[in-house]
Amino acid sequence: MRESAVHAVRRGLLYALTATASVTAAAVTPPSVSSAASAEEGARIPFGERYHAVQHGGIVRAANSAITCRTTGTFTPVTPAVTPAGAAACDAARDSATASNDRYDMFYTDLDKDPNTYNSTRGELRVPAGAKVSYARLYWGGNLRVGEQKPPKDNGRVLVAEPGGAYKEVLSDTLIGHRTAGGADAYQASADITPLVRSAGSGMYTVAQINVAMGRTAAGAWGGWTMVVAYERPGDPLRHLAVWDGFEALDGRHRELRVGFGGLPTPARATGSLGIVAYDGDPGIRGDSVTVGTGRGNARSIADRSNPADDVLNSSIANTGSNLIKRQPAYRNTLGYDSDVFDLREALVPGGDTMNVSIRTGRDSIWLGALFLAVDARR
């Protein structure tokens, strides 16, 4: 177990927040690091449990992408083998169900008015009234090699501003996934930001300076961030709350990732949700799917209006089928970044005693970063 409600076991380096205003420290304050450049990296990180609690409460998240297609400039092939299929306008691509990032010249999204940042986006976190934040973790990542090559020394560093607040530097507190393969130079980093979120609560969070490259190649450009927050609230159902993470590639050599969440007995009429963070899932490339099994009966495929059963990882940020999540910008097609939450009601077969998630891909290449789960322990 990497972290639990009682005991935390951390891998590698730990995080630091610097701010103009003070942030209440956690009960056990990890040592800070002076530079993200000192963070350790691994080409493959097997998925493992980061956090687990059984409590009255749930999990919420905020997310956004960091890069999108460029609305100006010429649109030309990268190589003779890569041609612009249809050459659709960028504005149309952002709302398309089939446009993929390899077809466009990609450029940073930068919403703030700070001249010192080159990318910044916002997403709303909704912590229910009366709830206490138990745990919060920020995940970020992208592709470092597109039309330009970004150095990996800044992989473990981002800026975060809470609602109405100024930027704080956040440094990765764990092993960073970083692998060069398939024409991409991909990574994911993360950090425990519980004190910040517990103090700031709900609202629009801004994440800036994600290390991501712009341009156009056959591999495509992508990047984004997701904030996963577990909370406790009296009166809510008793639930298993779990966060698992790693850094695994699904491609022509490895087409499936299976993650077992362990013993999670499924009561009758149980409800639940599953969240997935992934990179470079392309819409329109059929063959990727997610199934959930409880140890009783056959595993069930999960999908919704935003994520078809055979194209689940399709460059979307959705919540149980709805794209109407408050974020800035709020493009339907993130062109290479997935942060989705699925309703598990149909997959929770009564009498099951385990929870197993299988993510498969057919032709698409996908980088998987995190899973988060909230399932009833008692009804």
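Here is a short walk through this structure, one selection at a time. Keep in mind as you click around that this is a predicted model.

**Stop 1: the disulfide**

Start by selecting Cys69 and Cys90 and showing their side chains. A disulfide joins the two, with 2.0 Å from S to S. In general, a disulfide is a covalent bond between the sulfur atoms of two cysteines. The count for this model comes to one disulfide, so you won't need to hunt for others. Look along the link between Cys69 and Cys90: it is right-handed, with 85 degrees about the S-S bond. Now colour by secondary structure. Cys69 sits in strand E4 (residues 67-69) and Cys90 in helix H1 (residues 90-93), so the pair ties together parts that are 21 residues apart in sequence. Are these cysteines buried or exposed? Cys69 is buried at 2% relative accessibility, and Cys90 is buried too, at 7%.

**Stop 2: Arg50**

Next, select Arg50, which you'll find in strand E3 (residues 45-65). Arg50 has a relative accessibility of 1%, so it counts as buried, the cut-off being under 20%. Which side chains does Arg50 make polar contacts with? Show Thr174 first: its side chain and that of Arg50 are joined by a polar contact of 3.1 Å. Then add Asp245, whose side chain makes a polar contact of 2.9 Å with the side chain of Arg50.

**Stop 3: Arg157**

Now move to another arginine, Arg157, in strand E8 (residues 157-161). Arg157 is partly exposed, with a relative accessible area of 22%. Show Asp154 as well, and you can trace a polar contact of 2.6 Å between the two side chains. While you're here, select Ala189: Arg157 and Ala189 are 32 residues apart in sequence, and their C-alpha atoms are 8.4 Å apart in space.

**Stop 4: the largest nonpolar core**

In soluble globular proteins, nonpolar side chains tend to be buried together. To see a case here, select Phe261, Leu274, Ile276, Ile359, Leu368 and Leu373. Of the 29 residues in the largest nonpolar core, these touch the most other members. Several strands give two or more residues to this core, among them E14 (238-250), E16 (272-279) and E23 (366-376). Which strand gives the most? That's E23, with five residues.

Zoom in on Leu274. Leaving aside neighbours within four places in sequence, its contacts include Val290, Val292, Ile302, Phe342, Val357 and Leu373. Apart from this largest core lies another, of 28 residues, and Ala62, Val133, Ala191 and Val207 are among its members.

**Stop 5: a four-stranded sheet**

Switch to a cartoon view and find the open sheet with the order E15-E22-E17-E18, where the pairing is antiparallel. E15 and E18 stand at the edges with a single partner strand each, so one side of each has no neighbour in the sheet. Follow E15 along E22: they pair in the antiparallel sense over six bridges. For one example, select Gly260 and its bridge partner in E22, Asn356.

**Stop 6: Ser306**

Finish with a loop. Select Ser306, between strand E18 (300-301) and strand E19 (317-319). Is Ser306 buried or exposed? Ser306 is buried, with a relative accessible area of 11%. To see what surrounds Ser306, show Asn314, Ser316, Ala318, Gly321, Ser322 and Asn323, which are its contacts once neighbours within four places in sequence are left aside.

Technical notes:
Residues numbered from 1 in each chain as written. Predicted model: local features only at pLDDT ≥ 70, side-chain atom pairs only at ≥ 80, totals over all residues. Heavy atoms only, no water. Buried < 20%, exposed > 50% of the residue type's maximum accessible area, 1.4 Å probe, protein only. Contact = heavy atoms within 4.5 Å. Disulfide = S-S within 2.5 Å. Polar contact = N/O pair within 3.5 Å; in protein donor to acceptor, adjacent residues only side chain to side chain. Core = buried A, V, L, I, M, F, W, Y, C linked by side-chain atoms within 4.5 Å. Pairing = 2+ DSSP bridges.
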